[in-house]
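The exercises below concern the structure shown next. Please work through each task before reading its solution.

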Amino acid sequence: MDSEDVMAVIVIPSDFESKLAHNEQAPVQLITDGCNTMTAGLVASYIGRITAAWNAENIGTPPIELITRTWFNPNQTTRWAFLPGLIGMISFTQVIMLAGLSIAKEKEQGTFDQLLVAPFSQLEILVGKALPPMLIGMFQSTVLFLLALFWFEIPFSGSVPLLYLTLFIFVLSSTGIGLTISAISNSMQQVLVYVFVLLLPLSLLSGIATPIHNMPEALQIFTYADPLRFATDALRRIYLEGAGLKNIYHDFIPMLCVAAITLPFAGWLFRNKTT
């Protein structure tokens, strides 16, 4: 199912035949892939029709009863699936905007050139510009996490340190994107244009509203450059499933790659880009 070779799996317990022989209740598990909700619904509907047809043909025998349960969201409450992903998306928007405007504003005021000739290394300038948006992003994520937990009463199943590790890596990669935009731009207006052009496709391709597996293959490849996609997946799994580090470490790799590319590139642009 993880490799998308099948859409449904039937699990028959080892004691199935023995329970039937003793006229006991013998459960059989049917697992469908919820990543593609439409196909999963069709599969469950087909199984329901087969069950109903068998019951109709075998009157007088114990009927088969189909019991449906959704993993990690048994009541199929929409906010349970939406709000954990929103923890990353809101901070994503704010971090990119703040990081993008930080340097562009100084360029317009003429103070950035003074900063470049000050006795600071490229790394020190980069850290100084990256820390404020990262701290604000972490604070916003904390507020949203507390709202989801206490206001909307969505039960938290995972590890708080792992949640914040995921948020830190995600905010770091988001800051790298924002600083790169800021280094390329010559004015605050340019930053706003670049940010708004990027935010909409990055948000739509993050999987927060539409499953990644339902997208065309070309768009699925493009989403590997979107840190919000992997943050959304990791945050949802930590929050709802209680996933551990071994279950989500693969989501860290693309976000770290984005940070490793954008942050040094932004630092290089600070010193070498001419307006």
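**Exercise 1.** In this predicted model, determine which helix holds Thr180, whether Thr180 is buried or exposed, and which residues distant in sequence Thr180 contacts.

*Solution.* Step 1: Thr180 belongs to helix H6, which covers residues 160-184. Step 2: the relative accessible area of Thr180 is 12%. Buried means under 20%, so Thr180 is buried. Step 3: once neighbours within four places in sequence are set aside, the contacts of Thr180 are Thr262, Phe265, Ala266 and Leu269. Step 4: Leu269 lies 89 residues from Thr180 in sequence, yet their C-alpha atoms are 7.9 Å apart in space. Step 5: towards Thr262, the side chain of Thr180 reaches the backbone oxygen at 3.1 Å.

**Exercise 2.** Determine whether Lys129 is buried or exposed, and list its contacts beyond four places in sequence.

*Solution.* Step 1: Lys129 is part of helix H5, residues 122-151. Step 2: its relative accessibility is 13%, so Lys129 counts as buried. Step 3: Lys129 touches Ser102, Ile103, Glu106, Leu115 and Leu179, with residues up to four places away not counted.

**Exercise 3.** State how many salt bridges are counted, and explain how the partners Glu241 and Arg237 are placed in their helix.

*Solution.* Step 1: the count comes to one salt bridge. Step 2: Glu241 forms a salt bridge with Arg237, and their closest N and O atoms are 3.4 Å apart. The distance satisfies the cut-off of within 4 Å. Step 3: both residues lie in helix H9, residues 227-241; because they are four residues apart there, about one helical turn separates them. Step 4: Glu241 is partly exposed at a relative accessible area of 33%, and Arg237 is also partly exposed, at 22%.

**Exercise 4.** Describe how helix H3 and H9 cross, and name residues that meet between them.

*Solution.* Step 1: two packed helices are described by the angle between their axes and the distance between the axes. Step 2: the axes of H3 (residues 78-109) and H9 come within 9 Å and cross at roughly 135°. That angle makes H3 oblique to H9. Step 3: the crossing of H3 past H9 is right-handed. Step 4: the H3 residues in this contact include Trp80, Phe82, Gly85, Met89 and Phe92, and those of H9 include Pro227, Thr232, Leu235 and Tyr239. Step 5: Thr232, a residue of H9, is buried, with a relative accessible area of 2%. Thr232 touches Gly85, Ser206 and Ile208, not counting residues up to four places away in sequence.

**Exercise 5.** Classify the arrangement of H5 and H10, and identify the residues that make the contact.

*Solution.* Step 1: the axes of H5 and helix H10 (residues 245-272) come within 10 Å and cross at roughly 115°. Step 2: the two helices H5 and H10 are therefore roughly perpendicular to each other. Step 3: their crossing is right-handed. Step 4: H5 contributes Gln122, Ile125 and Leu126 to the contact, while H10 contributes Leu263, Pro264, Ala266, Gly267, Trp268, Phe270 and Arg271.

**Exercise 6.** Locate Glu153 and state what is notable about its phi.

*Solution.* Step 1: Glu153 lies in the loop between H5 and H6. Step 2: phi of Glu153 is near 55°, a positive value in a residue other than glycine. Step 3: at a relative accessible area of 62%, Glu153 is exposed.

Terms used. Residues are numbered from 1 along each chain as its sequence is written. This is a predicted model: local features need pLDDT of at least 70, side-chain atom pairs count only at pLDDT 80 or more; totals for chains, interfaces and linings use all residues. Side-chain values use heavy atoms; hydrogens and water are left out. Buried means under 20% relative accessible area, exposed over 50%, partly exposed in between (1.4 Å probe, protein chains only). Contact means heavy atoms within 4.5 Å. A polar contact is a pair of N or O atoms within 3.5 Å; within protein, one must be able to donate a hydrogen and the other to accept it, and residues adjacent in sequence count only if both atoms are side-chain atoms. A salt bridge is a side-chain nitrogen of Lys or Arg within 4 Å of a carboxyl oxygen of Asp or Glu. Axes are lines fitted to C-alpha atoms, for helices over the stretch in contact, and angles run from 0 to 180 degrees between N-to-C directions. Angles under 35 degrees count as roughly parallel, over 145 as roughly antiparallel, 65 to 115 as roughly perpendicular and the rest as oblique. A crossing is left-handed if the near helix is turned anticlockwise from the far one by less than a right angle, and right-handed if clockwise.
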